[in-house]
Amino acid sequence: MALKEQITEDMKTAMRAKDMERLGTIRLLLASIKQKEVDEQTTLDDNAVIAVLDKMLKQRKDSIVAFEQADRDDLAAKEKAEVAVLQAYLPARLSAEEVAAVVQTLVADVAAELGRAPGAADMGKLMAAAKAALAGKAEMAQVSAAVKAALAG
């Protein structure tokens, strides 16, 4: 079953169970997916749905930090509940060591392509390759840190 179909089925289940908090989060997710489909005039595949999930999770995590700094624990708790619901749809994330191993492979590939060791100027090229290889499998902030570490030495 495709991820989008699974989310729709979970929405129906939440409706039947009258789980309003979960239902609200799933509806927000489906609305974001639908908006992206309308904007791009296409049907999203699982990788694109995961990209929407990643974006929503980043927004929620940023909101949690802002709410906690403003001593709004009630709003932070709501965002944390939404994060828990959204994370259930993501595939298992790679560990830091696994991300570093993939990045090292990509650095070797780019070095072979360029005919020299990649430097800081090649960060964009490496990040593009890493984004393609690790989309949905790792947070891009973690990937960026691994790429910077690999370029540094």
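In this predicted model, α3 is the main contributor to the lining of the second largest pocket, giving five residues. Both α2 (20-40) and α3 supply at least two residues of that lining. The residues that line the second largest pocket are Ser-32, Lys-36, Ala-51, Val-52, Lys-55, Met-56 and Gln-59. Sorted by class, they comprise three nonpolar, two polar and two charged residues. The space in this pocket comes to about 160 Å³.

The largest pocket holds about 410 Å³ of space. Here too α3 gives the most to the lining, with eight residues. The helices that each supply at least two residues of this lining are α3 (46-69) and α7 (140-152). In total 16 residues line the largest pocket, and those nearest its centre are Asp-54, Lys-55, Ala-138, Glu-139 and Met-140. Lys-55 is thus among the residues nearest the centre of the largest pocket and is also one of the residues lining the second largest pocket. By class, the lining of the largest pocket has seven nonpolar and seven charged residues, along with two polar ones.

Where does the largest pocket lie with respect to domain 1 and domain 2? Domain 1 covers residues 3-88 and domain 2 covers residues 96-152; both give residues to the lining, so the largest pocket lies between them.

The pockets belong to a chain with seven helices and zero strands. Its pattern, read along the sequence, is α-α-α-α-α-α-α. Along its principal axes, the C-alpha trace spans about 60 × 40 × 25 Å. Of contacts between residues at least 6 apart in sequence, 56% join residues at least 24 apart.

Turning to the surface, the chain exposes about 9200 Å², of which carbon and sulfur atoms supply 55%. Of the 153 residues, 32% count as buried.

One loop residue can be placed against this background. Asp-19 lies in the loop between α1 (3-17) and α2. Is Asp-19 buried, partly exposed or exposed? Its relative accessibility is 32%, and the partly exposed class runs between the limits of under 20% for buried and over 50% for exposed, so Asp-19 counts as partly exposed. From Asp-19 to Asp-46 the separation is 27 residues in sequence and 25 Å in space, C-alpha to C-alpha. Asp-46 is the residue at which α3 (46-69) begins.

Conventions:
Residues are numbered from 1 along each chain as its sequence is written. This is a predicted model: local features need pLDDT of at least 70, side-chain atom pairs count only at pLDDT 80 or more; totals for chains, interfaces and linings use all residues. Side-chain values use heavy atoms; hydrogens and water are left out. On a 1 Å grid over the protein atoms alone, a cavity is a set of points where a 1.4 Å probe fits but cannot get out, and a pocket is an open set with protein on both sides within 12 Å along at least five of seven lines; lining residues have an atom within 4 Å of a point. Grid points are joined across faces, edges and corners, and a volume is the space filled by probe spheres set on the points. Helices (H or I, at least four residues) and strands (E, at least two) are DSSP runs, numbered from the N terminus. Ala, Val, Leu, Ile, Met, Phe, Trp, Tyr, Cys and Pro count as nonpolar, Asp, Glu, Lys and Arg as charged, and the others, Gly among them, as polar. Domain bounds come from an automatic or database domain assignment. Buried means under 20% relative accessible area, exposed over 50%, partly exposed in between (1.4 Å probe, protein chains only). Contact means heavy atoms within 4.5 Å. Accessible areas come from the Shrake-Rupley method with a 1.4 Å probe; for residues, only the protein chains shown count as cover.
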